[in-house]
Amino acid sequence: MPATMAKSRAAFKKKADHVEQEGPEEPSENGFVRESGDQEEESERSDVVGSSEDEGSSGEGEIDGEDDEEIHQSAEESDSSEDEVAPRNTIGEVPLEWYKDEEHIGYDITGKKIRKQARKDKIDSFLAGVDDSKNWRKIYDEYNDEEVELTKEEIRIIRRLLKGRTPHAEVDPYAPYVDWFDWEDKGHPLSNAPEPKRRFIPSKWEQKKVVQYVRAIRKGLIKFDKPKEEPRFYLLWGDDSSVAENKRHGLSYIPAPKPKLAGHEESYNPSIEYIPTQEEINSYQLMYEEDRPKFIPRRYESLRNVPAYENALKEGFDRCLDLYLCPRTRKKRINIDPESLKPKLPSKKDLKPYPLRCYLEYRGHSGPVNSISIEVSGQWIASGSTDGTVRLWEVETGRCLRVWDVGEAVQHLAWNPLPELPILAVSAGHKVHLLNTGLGDAEEKMRIKELLHVEEVLTDDAGNSVSAVSWIKHEKHDGITLEHLKTVSTVEWHRKGDYFTTIMPSGDSRAVSIHQLSKKHTANPIKKLRAPAVSAVFHPTRPFFFVSTKKNVRVYDLSKNKLIKKLEPGLREVSSIAIHPGGDNVIVGSKEGKMCWFDMDLSSQPYKRLPAHPKDMTNVAFHRSYPLFASCSDDCTAYVFHGMVYSDLNQNPLIVPLEILRGHTSSNGRGVLDCKFHPRQPWLFTAGADSVIKLYCH
Amino acid sequence: MDANGGSAEASRQIRVRFTTKLPPPLRVPTTSLAVPSNLTRMGLSEIVNHVLRNMDSEFQFQPFDFLVDGELIRMPLEQFLLAKSISAEKVLEIEYIRAVAPRKQEDPCLHDDWVSAVDGSNPSFILTGCYDGLARIWKGGSVCTHIFEGHSDAITSANVINRKGVESGNSFNAATGSKDRSLRLWKFDAAEHVEHPLRIGAYKILKGHTAAVQSISSSPSGDMVCSGSWDCSIKVWNVKDSEAEGDTVSIKKRKLHSDAAEHEESQLEGTSTSTLVGHTQCVSSVVWPEVQTIYSASWDHSVRQWDVQTGNETWNMVCGKALNCLDVGGESSALVVAGGSDPVLRIWDPRKPGTLAPIFQFSSHSSWITACKWHVRSWLHLLSASYDGKVMLWDLRTAWPLATIDSHKDKVLTADWWKDGSMISGGADSKLCICSGMAI
């Protein structure tokens with residue numbers, strides 16, 4: 001037997017080896033395994049059968065009581081689930097020794113004691129066994145204290161179990177396996193085949209390849225770091241970008257602009273809030289072509305009802321045209337932050353003080369205040385109005401000290417710049433009045449002297465009628481009246497307080513006249529002006545004279561009596577002019593609301609054009625000591641600017657807009673008519689068409 | 001906090017203890033009380049009044065003001081504690097004082113023109129200066145007894161010269177400064193009973209300024225007067241030397257003659273003893289608080305302190321705004337208050353070295369401030385007048401005005417204290433308004 005077994009095992013092993021080596025060719029692993037398993041089991045089965053038969057034949061009658069008992073118990077345990085007959089005794093699994101000395105062995109199901117049977121003598125039982133042929137099948141059940149006789153069937157089962165077989169002969173543990181799951185049709189991705197052997201052993205092919213590489217490296221056929229080849233020739237003058245451009249052949253790619261993503265309103269059935277009402281659609285018609293919305297949302301019942309896009313053909317054509325005619329050049333774009341291009345302006349806080357708020361108002365005029373002028377010391381302010389009066393105010397309290405009625409609408413007025421000569425020059429209609437304000441009380445002598453002068457002139461005047469201007473004593477007030485031929489628009493004093501100039505815009509060759517107070521003399525030094533004169537100013541330090549016409553500003557040297565410069569503001573109509581107290585900078589305001597800053601040393605073109613008032617600019621003014629200038633306009637505002645002029649010639653003037661002063665109300669389309677700075681404080685006076693003068697303080 | 005749990009809703013309770021420095025009838029027991037935290041000054045005042053009424057049934061209700069840590073309560077108590085970050089857990093010590101507020105508005109004294117100067121330094125009368133060039137004495141604040149005539153232009157400043165010796169005899173000296181560039185000195189007897197206002201001429205004219213005199217102030221001793229003017233100078237005048245008894249009589253006689261003769265040539269003329277130069281613009285206000293020092297404020301944005309003896313400037317401060325008014329007073333008579341071309345009243349302490357920052361700023365006005373005056377005896381109270389037509393009473397312990405008097409219909413040009421408890425103010429509506437009844 002052992003020899004056959006060993007033989008079959010060896011055969012099996014050999015077969016398995018064979019199968020393993022030819023693994024890849026094996027079509028069905030399942031089949032193989034099953035086959036081999038079958039074979040093995042068959043051989044083993046035959047072994048077992050053989051041996052059990054041997055044993056059965058040799059020791060059939062040797063089974064004694066104890067053995068039987070064990071068998072019985074095990075059988076009982078194994079079969080307990082199937083054919084269970086409840087044991088007579090109910091004590092449970094307790095050691096039976098506990099009842100060894102008792103008369104009973106336990107209790108039955110009703111709770112009554114089960115009495116022990118009288119023990120038979122060994123010899124009696126032996127004798128009984130000899131008599132009874134079935135004695136060997138009897139077993140003593142110690143638990144229930146009874147003898148049990150095994151049936152033939154049970155004996156057979158025991159025999160089979162002893163042989164290691166299934167207890168019942170009809171059960172076939174090696175029934176062929178029926179694969180109920182049909183693999184092919186379901187296409188199941190998983191396979192429950194075991195991992196093939198090749199997965200666990202190193203690949204021979206790879207090994208061969210590695211050997212190949214190793215040999216190649218050893219022989220030097222494979223080199224790792226190649227030295228880079230340097231181009232022998234290169235473009236000496238080409239810059240990098242053009243090289244990159246040259247490399248690109250053909251048309252350069254220009255990406256189409258990205259369209260906006262479609263929103264809800266472009267749905268075929270948008271929500272009702274996206275649909276414009278009929279009114280809105282009508283209002284689109286009033287818009288400009290380019291402002292009109294390109295797409296008007298509409299609702300359709302279903303996608304089937306959406307019509308074709310009506311512009312499809314046209315836009316396709318346009319796109320083709322674009323592609324065809326598009327110039328294929330790439331523009332270099334510079335990305336600059338627009339914020340960085342803004343000039344760095346100092347903050348407004350650092351530029352204080354400047355006029356900010358209106359604290360005082362001077363009320364009393366009954367018509368628009370055309371002109372104001374502040375006395376040099378800053379104690380008084382004079383104002384002239386279209387109601388024909390000139391008023392003198394106290395700056396500090398707003399009290400009206402005096403009123404002169406000059407009969408005609410006052411166009412312009414100016415204080416004599418000398419503090420000891422408190423004289424007002426007032427232009428009204430054809431006349432210019434020199435009014436004695438009577439403020440210089442201590443200088444009575446001076447005043448008297450002035451008055452005397454007037455009287456002298458009055459006598460002189462009779463013979464001195466050659467001039468276009470006649471000097472007459474004023475009838476009502478103490479002062480002089482200068483009778484002009486045409487309407488006088490402006491009066492300006494020379495800084496020394498002796499000369500003053502008047503402008504007659506329609507006076508042609510006699511438009512500009514310069515008067516000398518001490519000699520009561522009038523001259524017309526400037527004959528030719530191509531455009532009507534607007535105003536004239538004396539230079540604050542040098543013998544220069546600025547005449548602004550509607551087109552430009554002419555600068556004359558009075559000592560040499562010639563034109564030295566012409567400033568071209570390039571504005572439609574000049575309305576006002578002011579000179580910086582330093583004398584090198586001029587601002588010119590225009591009727592269109594623009595202001596030009598001229599630096600006399602730079603050029604005759606404006607250094608800067610400043611943001612515009614929406615309406616006519618009526619006046620511009622410089623502060624005498626603070627770096628401030630202001631403009632006022634018919635839009636009822638006055639703008640205040642910081643205008644710092646540096647003594648260093650290399651540094652350009654610094655101009656910063658500071659504040660827009662509001663407060664005046666419009667009257668007959670006119671707003672603020674005049675603005676003047678206080679000579680010593682950073683305060684601005686504005687005269688409005690609403691007949692109020694306002695003082696703005698810092 | 002026993003009450004805290006009880007009132008679960010809005011009003012929390014704060015335990016407070018009222019203390020006071022007032023005399024016994026106005027003193028409440030120092031036990032602590034629980035009061036709702038949303039009480040304002042009014043509520044606290046009611047509580048104190050009720051407590052006092054419980055103690056004494058005769059007690060008349062009167063308003064009180066309340067101080068916590070030296071600050072007047074001007075908002076609900078809760079807010080106040082939050083703003084000052086004072087714990088509400090502890091018993092809060094609240095000191096109460098009599099509320100300072102004018103009770104009575106007396107009939108205004110009508111003038112012919114703007115009232116530009118007032119002086120209430122003497123309790124028996126008020127001296128006013130007017131734009132018509134006349135100065136008036138209002139006896140008891142109601143009857144015009146004297147009219148000083150002689151100035152040819154508006155009077156800008158008027159001052160009663162306090163002279164200790166003369167005061168007893170009911171004869172007073174006064175000085176006025178005017179826009180006619182002169183100062184005039186007047187002498188009058190306040191005790192005189194007159195049916196019609198007595199017209200008086202100046203006994204002395206002080207000339208020397210070359211521009212309008214803006215402000216005058218007499219020295220505490222009463223023998224000197226200083227004046228600030230638009231000519232940027234401050235002049236010091238001696239007013240004592242000519243007051244030998246015989247002289248004044250002769251002047252009076254002569255003056256009577258001159259009145260009859262309709263010209264005033266006979267008056268004495270004086271010149272200044274010294275001129276203080278340094279300001280670059282109009283000197284708008286001068287104050288002479290001590291014998292040796294003059295303070296001046298100017299439109300050139302500076303406040304200066306001058307030594308009278310040497311004529312030198314001893315202290316200088318630039319504030320950035322054109323100044324209209326100045327006063328020195330307050331704590332140890334050293335704080336400088338000034339107002340000018342903006343609506344903020346500022347107080348500086350010149351003793352603080354190295355800083356120009358004002359220690360207090362009051363900004364409830366809405367236009368230029370024209371007058372500011374410290375209370376003579378109280379360190380804490382001052383008044384200010386402004387072009388917005390308001391006179392405000394300030395307490396240094398709060399940033400809000402204690403009282404705002406709105407009786408003027410136009411700009412207020414000048415204001416002063418009178419009789420300790422009254423504020424007098426003159427304005428561009430030609431009225432002299434008197435608010436009285438304050439207990440300071």
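This is a short tour of a predicted model with two protein chains, A and B, stop by stop.

**Stop 1: where the chains meet**

Show both chains and colour them separately. At the interface, 26 residues of chain A are in contact with 28 residues of chain B. The two chains bury about 2,200 Å² between them, and carbon and sulfur atoms give 49% of that area. Now select Tyr359(A), Glu396(A) and Arg399(A): these three supply 31% of the area that chain A buries against chain B, more than any other three residues.

Keep Arg399(A) on screen and add Asp113(B). Their side chains meet in a salt bridge, with 2.6 Å from N to O. How many salt bridges cross the interface of chain A and chain B? The rule finds two. If you turn to polar contacts, the count between chain A and chain B is 11 residue pairs, both residues at pLDDT 80 or more.

Which elements of chain A give two or more residues to the side that touches chain B? Select strand 5 (357-363) and strand 33 (692-697) of chain A to see them. Strand 5 gives the largest share of that side, four residues. Colour the chain A side by residue type and you'll get nine nonpolar, nine polar and eight charged residues.

**Stop 2: just before strand 5**

Stay in chain A and step back along the sequence to Lys352(A) and Pro353(A). The peptide bond from Lys352(A) to Pro353(A) is cis, and its omega is near 5 degrees. Look for Pro353(A) in the loop between helix 11 (338-341) and strand 5 of chain A.

**Stop 3: a sheet in chain B**

Hide chain A for a moment. In chain B, five strands form an open sheet in the order 11-12-13-15-19, with mixed pairing. Select strand 11 (155-161) and strand 19 (268-270) of chain B to mark the edges, where each strand pairs on one side only. Neighbouring strands here are turned by 25 degrees against each other on average, ignoring direction.

Zoom in on strand 12 (residues 171-178) and strand 13 (residues 182-189) of chain B. These two run antiparallel and are joined by seven bridges. To find one of the pairings, pick Ser171(B): its bridge partner in strand 13 of chain B is Asp189(B).

A bit of background while you have the strands on screen: strands of a sheet pair through backbone hydrogen bonds, either parallel or antiparallel.

**Stop 4: a sheet in chain A**

Bring chain A back. Four of its strands form an open sheet in the order 27-28-29-30, and here the pairing is antiparallel. The edges are strand 27 (617-622) and strand 30 (654-661) of chain A, each pairing on one side only. On average, neighbouring strands of this sheet are turned by 20 degrees against each other, direction ignored.

Next, select strand 28 (residues 628-633) and strand 29 (residues 638-644) of chain A, an antiparallel pair joined by five bridges. Show side chains for Phe629(A) and Phe641(A): Phe629(A) stands opposite Phe641(A), which is in strand 29 of chain A. Then follow the chain into the loop between strand 28 and strand 29, where Cys636(A) lies. Phi of Cys636(A) is near 70 degrees, a positive value in a residue other than glycine.

**Stop 5: a hairpin in chain A**

Go to strand 3 (residues 138-141) and strand 4 (residues 146-149) of chain A. They run antiparallel, with four bridges joining them. Ile139(A) has Val148(A) in strand 4 of chain A as its bridge partner. The two strands form a hairpin with four residues between them, and Asp145(A) in the turn has a positive phi of about 55 degrees.

**Stop 6: a salt bridge within chain A**

The structure holds 28 salt bridges over all chains. For one of them, select Arg115(A) and Glu103(A), whose side chains meet at 3.2 Å, N to O. Which parts does this pair tie together? Arg115(A) lies in strand 2 (residues 113-115) of chain A, while Glu103(A) sits in the loop between helix 3 (65-79) and strand 1 (104-107), so the pair links parts that are 12 residues apart in sequence.

Note on methods. Residues numbered from 1 in each chain as written. Chains lettered and ligands numbered in written order. Heavy atoms only, no water. Pairing = 2+ DSSP bridges. Axes fitted to C-alpha atoms, helices over the stretch in contact; angles between N-to-C directions. Contact = heavy atoms within 4.5 Å. Buried area = accessible area lost by both parts, 1.4 Å probe. Salt bridge = Lys/Arg side-chain N within 4 Å of Asp/Glu carboxyl O. Polar contact = N/O pair within 3.5 Å; in protein donor to acceptor, adjacent residues only side chain to side chain. Nonpolar A, V, L, I, M, F, W, Y, C, P; charged D, E, K, R; others polar.
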